[in-house]
Amino acid sequence: MYNKKVLQHFKSPHNFGKIKNPDGIGKVGNIICGDVMWMYIKIGKNKKEEEIIKDIKFETYGCVAALASSSIVTDLAKGKTIKQAIKINQKQMVESLGGLPPVKIHCSILAVDALLEAIYDYLIKNKKVIFEGLEKHHKRIEREEKIIEEKYKEWTQVDEKINDSKE
Amino acid sequence: MKIIKTYLDYAATTPVDPRVLKAMLPYFTKKFGNSISLHTFGQEAKKALEKTRLIMAEALNAKNKDEIIFTSSATESNNLAIKGIAFANQNKGKHIIISSIEHSCVLNSSQWLEKQGFKITKIKVDKYGLIDPKEIEKAIRKDTILVSIIHANNEIGTIEPIKEIGKICEKKKVYFHTDAVQSFAKTPIDVQKMKVDLLTASSHKLYGPKGAALLYIKKGTKIEPLIHGGGHEFGLRASTVNVPAIVGFGKAVEICEKEMKKESKRQIKLRNKLINGVLKKIPDSYLNGHPTKRLPNNTNFSFAYVEGESILMDLNSYGIASSTGSACSSEELEPSHVLLACGSRLEQAHGSLRLTIGRWTKEKDINYLLKTLPKTIKKLRELSPYVQ
């Protein structure tokens, strides 16, 4: 089902863990759906005085595809300028993994989302200009989280019904 | 660490016992006849088929061997039982009762019947997955034609009070079907004592080949066939009969019946060692299903803060085969309906792991699992944002 490269990233993920006092955090996903990703970034500068992603780490609760895509996204983003990093997209990430099973593609979307949310968090906190695409992206994630919350309500109602019937 | 191939997914399927394979082989080459042919070749196959029917009738304590219909799979048997009863008895009523923890082939057959105008009631279970027979009695209406309750659940291994439910159905004059795929030839079954009208069993769960199953149909039961053709299996299931697989099924049942007492004792000992070991060695781990009213070979756990498919795939990298009720592992991307019905929270269902043992499971396999699984969970928890 999964290729060798995906399984390698799953077995030995790169850049996992926390960053103390990160410059930005991106938290996406929902435990209800089975995938949650937290991405931490530290910003530095390169020789040209451009802002770069100096360090990046992730924490993920999820399936093989979720863990492997978290790992590869940190590889792709590390050392890149912010301008370069926000161009990382899902297609590029899946290609870097050598492909994912079609049913698993949706699990990997979160990894790019988490990275972009971490960058957004950094820019907002430091009152920097938000790139147009990034704002749009952030709004989409907010919308999707609302949809999941609604679904979560449905699920918890199911839970409550089951528990009620037992009492 | 040395990787040791360890199969702990016997509830999914089992390897064919070499004794079974040996019994099957002549029916592929020398005794290959079509069981409805009148010549010697055909009659040879027919004889083997009828002998197997008798083995099944004896194992179930059916009154007559002609109450056994051979099919290709348990899914087919369950479809025939539910749709066949529904179609044949719709003049009497259109109400069917099932439980919320049935196998998906029973659930989906019922859901399909709902679209055809039938009414389905799903009986709830308690946190161990147990059904209260009184709930069934309450749910039976004038127009109820069938009650279908799984004997032992395939995910959590809980064994249901079939005898009590059977008594109620007999009293209320409602057909009673049970899916006994996980329990047949592993725990004692007596269709007369259990007051069962229809029962499903399958070959590949008990060391027989894939492609053979049965449906017990009590004499006098009104049922419509789903597959029409040349009148095989008393007109209830047309198709050239898969004699080699059915012969294998018969041999497999003979062996299981003979070894049942001893084997189930052995498995319960291993199962309890597995359960106690996991709960003791892994913090925030929980047993799903009933502590004692469960199949001798079934264990099912939930681990907080980690996701099931990741557990399964990490164990797989050490050579251990397991199963999970996580959404990510299913084609529909929904978590196990069985665990949710037992009141598990979604994250518990996502973090579930089923380990099922069998004829060739040894103590060293359990030891290997107990050495590996804590490492797997620890590693995945290190990656998880939920652990501080």
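Select first the loop between β8 (213–217) and α8 of chain B, where Phe234(B) lies; helices (H or I, at least four residues) and strands (E, at least two) are DSSP runs, numbered from the N terminus. Phe234(B) has a positive phi of about 60 degrees, although it is not a glycine. Is Phe234(B) buried or exposed? Phe234(B) counts as exposed because it has 12 C-beta neighbours inside 10 Å. By the rule applied, a residue is buried if 20 or more other C-beta atoms lie within 10 Å of its own, exposed if 12 or fewer, and partly exposed in between, with C-beta atoms placed from the backbone.

This is a predicted model, in which local features need pLDDT of at least 70 and side-chain atom pairs count only at pLDDT 80 or more, whereas totals for chains, interfaces and linings use all residues. Residues are numbered from 1 along each chain as its sequence is written, and chains are lettered from A and ligands numbered from 1 in the order in which they are written.

Next, select Lys173(B), in the loop between α7 (162–172) and β6 (175–179) of chain B. Lys173(B), not a glycine, likewise has a positive phi, of about 55 degrees. Because it has 10 C-beta neighbours inside 10 Å, Lys173(B) counts as exposed.

Now display the strands of chain B. An open sheet of 7 strands has the order β2-β8-β7-β6-β5-β3-β4 (chain B), with mixed pairing; two strands pair if DSSP finds at least two bridges between them. At the edges are β2 (68–71) and β4 (119–123) of chain B, each pairing on one side only. From one strand to the next, the twist averages 20 degrees. Within the sheet, zoom to β3 (residues 95–99) and β5 (residues 144–150) of chain B, which run parallel and are joined by 4 bridges. Ile98(B) has Ser148(B) in β5(B) as its bridge partner.

Add helix α5 (residues 104–115) of chain B, which packs on the sheet and touches β3, β4, β5 and β6 of chain B. The direction of α5(B) makes about 155 degrees with that of β3(B); axes are lines fitted to C-alpha atoms, for helices over the stretch in contact, and angles run from 0 to 180 degrees between N-to-C directions. Then add α3(B), which lies across β2, β7 (198–202) and β8 of chain B and runs at about 120 degrees to β2(B).

Keep α3 (residues 40–60) and select α8 (residues 243–281) of chain B: their axes come within 9 Å and cross at roughly 35 degrees. Among the residues that meet are Ala45(B), Leu49(B) and Met56(B) in α3(B), and Ile246(B), Phe249(B) and Glu257(B) in α8(B). Two residues are in contact if their C-beta atoms, placed from the backbone, lie within 7 Å. The residues of this contact divide into 11 nonpolar, 2 polar and 2 charged. Here Ala, Val, Leu, Ile, Met, Phe, Trp, Tyr, Cys and Pro count as nonpolar, Asp, Glu, Lys and Arg as charged, and the others, Gly among them, as polar.

For a wider view, colour chain B by domain: domain 1 (6–14 + 260–383) and domain 2 (18–255), with bounds from an automatic or database domain assignment. Their C-alpha centres lie 28 Å apart. The contact takes 22 residues from domain 1 of chain B and 25 residues from domain 2 of chain B.

Finally, show both chains. Their contact takes 22 residues from chain B and 23 residues from chain A. On the side of chain B that touches chain A, α9 (308–317) and α11 (346–350) of chain B each give two or more residues, and α9(B) gives the most, with 4 residues.
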